[in-house]
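Dear colleague,

I am passing on the structure we spoke about, and I would be glad if you kept it open while you read the notes beneath it.

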Amino acid sequence: MVGLDGLRGLAALYVVLFHCWLYTFPGYPDSSAPPWLRGLMFGRLAVVFFLVLSGFSLALSPARHGWRSGGVARFLRRRAWRILPPYWAALAMSLLVSLFVVPASHFGPPTGRSVLVFGLVAQDMITAPTPNGAFWSIGVEAELYLLFPLLLLVRRRCNAVVLAACALLPVVVLGLTAPGANPVEGDNWLAPHLAPVFVAGVIGAGVVAARERVRRLPWGWFAVLAALPVLAVGVVKGSVWTVDHYFWIDLAVAPAMALLLASVATGRPALLVRVLTTRPVRRLGDFSYSLYLIHLPVVLTVIRRVAPHFTSPGLPTFCFTLAVALPVSVLGAWLFSLVFELPFKRNRSWKAVGGHRGRGTADANG
């Protein structure tokens, strides 16, 4: 779908910038960073965008075929084939970096429990010292994939309103009954809270399969209108309050994100679509998953092991990190994707992957 890969790539790039900011300036969310850098502190919302985009992308084909998945086993097998090989490769890399270079968790270096929990993608359910702080969302995604066929069933048997209510109401009830009406999110069990944002993407995909009259509606302006109240609250309350209330901000911003995706998927606004389909942005989107998986060990290594030898803490370290960790992460992710992501993205079996690699070698030699 035109533009979606570009959005995915830009979101992954923002997560890299967020981590460069986060690990340079202590005190998050009341960071010691200069005020003009506060726009980099909302990495969580980029991950929420990934989840909305995931629901949207996965639902595009079912939306065109009566909200049918084509078989639960087939869907789950294809998701595992697409997601797990690069994830396991990044897990191995992260374990080595965390054990021998720089730890990724305040709980200490990874243990055998970490290998088991993260190897089984169970990190949203079971606590273990993490080898890579970015991996929390992979566990959430895995649980949402298991839920996806049920979401399609509800959408097919009922309608979008019922689907939204089923996902949203339990979360709202939990939030309203929690102490202070602002539940504190821990390290685990985020999937139930984030299911509504995934569902927002699923519902948004229905626009692409709708009649032309619906497709031609100004979805981009609808996205702006949906985002304005959230933006206004954030401006009035401040960035620290916004981060402390992510439980509600996630739910409030997801409709605007889904409307933005519907707008781009229907070709508007044209200027944004042209930017998203430029070759650099599209190429970044091609390996955005690899960038998300491997960037954090690179960023931590630069900030904690390399930068202290060349520059002072604070803003000089941040600038040094941008100059070193950002290009190394992007280049490393591209190389990583050539081996561990793109072959599994473009092929559906080990035999096809072998053939793909053989052709790639022949093409390179040719």
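The notes below take up the salt bridges, then two buried charged residues, then a cavity and a tryptophan.

Please bear in mind throughout that this is a predicted model. The structure holds four salt bridges, and I describe three of them here, including one within a helix. In that one, the side chains of aspartate 5 and arginine 8 meet with N and O 2.6 Å apart, and because the two are three residues apart in helix α1 (residues 4-22), about one helical turn separates them. Aspartate 5 is partly exposed, with a relative accessible area of 28%, and arginine 8, at 21%, also counts as partly exposed.

Another salt bridge joins the side chains of arginine 44 and aspartate 250, again at 2.6 Å from N to O. This pair links distant parts of the chain, since arginine 44 belongs to helix α2 (residues 43-64) and aspartate 250 to helix α11, 206 residues apart. Arginine 44 has a relative accessibility of 13% and therefore counts as buried, the cut-off being under 20%, while aspartate 250 is buried at 0%.

Arginine 82 forms a salt bridge with glutamate 341, with the closest N and O atoms 3.0 Å apart. Arginine 82 is in helix α3 and glutamate 341 in the loop between α15 (315-340) and α16 (342-346), so the pair ties together parts that lie 259 residues apart in sequence. Both arginine 82 and glutamate 341 are buried.

Which charged residues are buried yet have no salt bridge? Arginine 155 is one of them, and the nearest side chain of opposite charge, that of glutamate 212, is 17 Å away. Arginine 155 sits in helix α5 (residues 136-157) and, neighbours within four places in sequence aside, is in contact with Trp67, Ala160 and Leu163. Glutamate 143, also buried without a salt bridge, has arginine 44 as its nearest side chain of opposite charge, 13 Å away. Glutamate 143 is likewise placed in helix α5, and its contacts, with the same neighbours left aside, are Asp124, Met125, Trp189 and Ala191.

There is one cavity of 30 Å³ or more, and the largest cavity holds about 30 Å³ of space. Its lining has six nonpolar, two polar and no charged residues, and α3 gives the most to that lining, with three residues.

Lastly, tryptophan 248, in helix α11 (residues 246-265), is partly exposed at 23% relative accessible area.

With best wishes

Notes:
Residues numbered from 1 in each chain as written. Predicted model: local features only at pLDDT ≥ 70, side-chain atom pairs only at ≥ 80, totals over all residues. Heavy atoms only, no water. Helix = DSSP H or I, 4+ residues; strand = E, 2+ residues; numbered from the N terminus. Buried < 20%, exposed > 50% of the residue type's maximum accessible area, 1.4 Å probe, protein only. Lys, Arg positive; Asp, Glu negative; His and termini not counted. Contact = heavy atoms within 4.5 Å. 1 Å grid on protein atoms, 1.4 Å probe; cavity = no way out; pocket = protein on both sides within 12 Å on 5 of 7 lines; lining within 4 Å. Points joined across faces, edges and corners; volume = space filled by probe spheres on them. Nonpolar A, V, L, I, M, F, W, Y, C, P; charged D, E, K, R; others polar.
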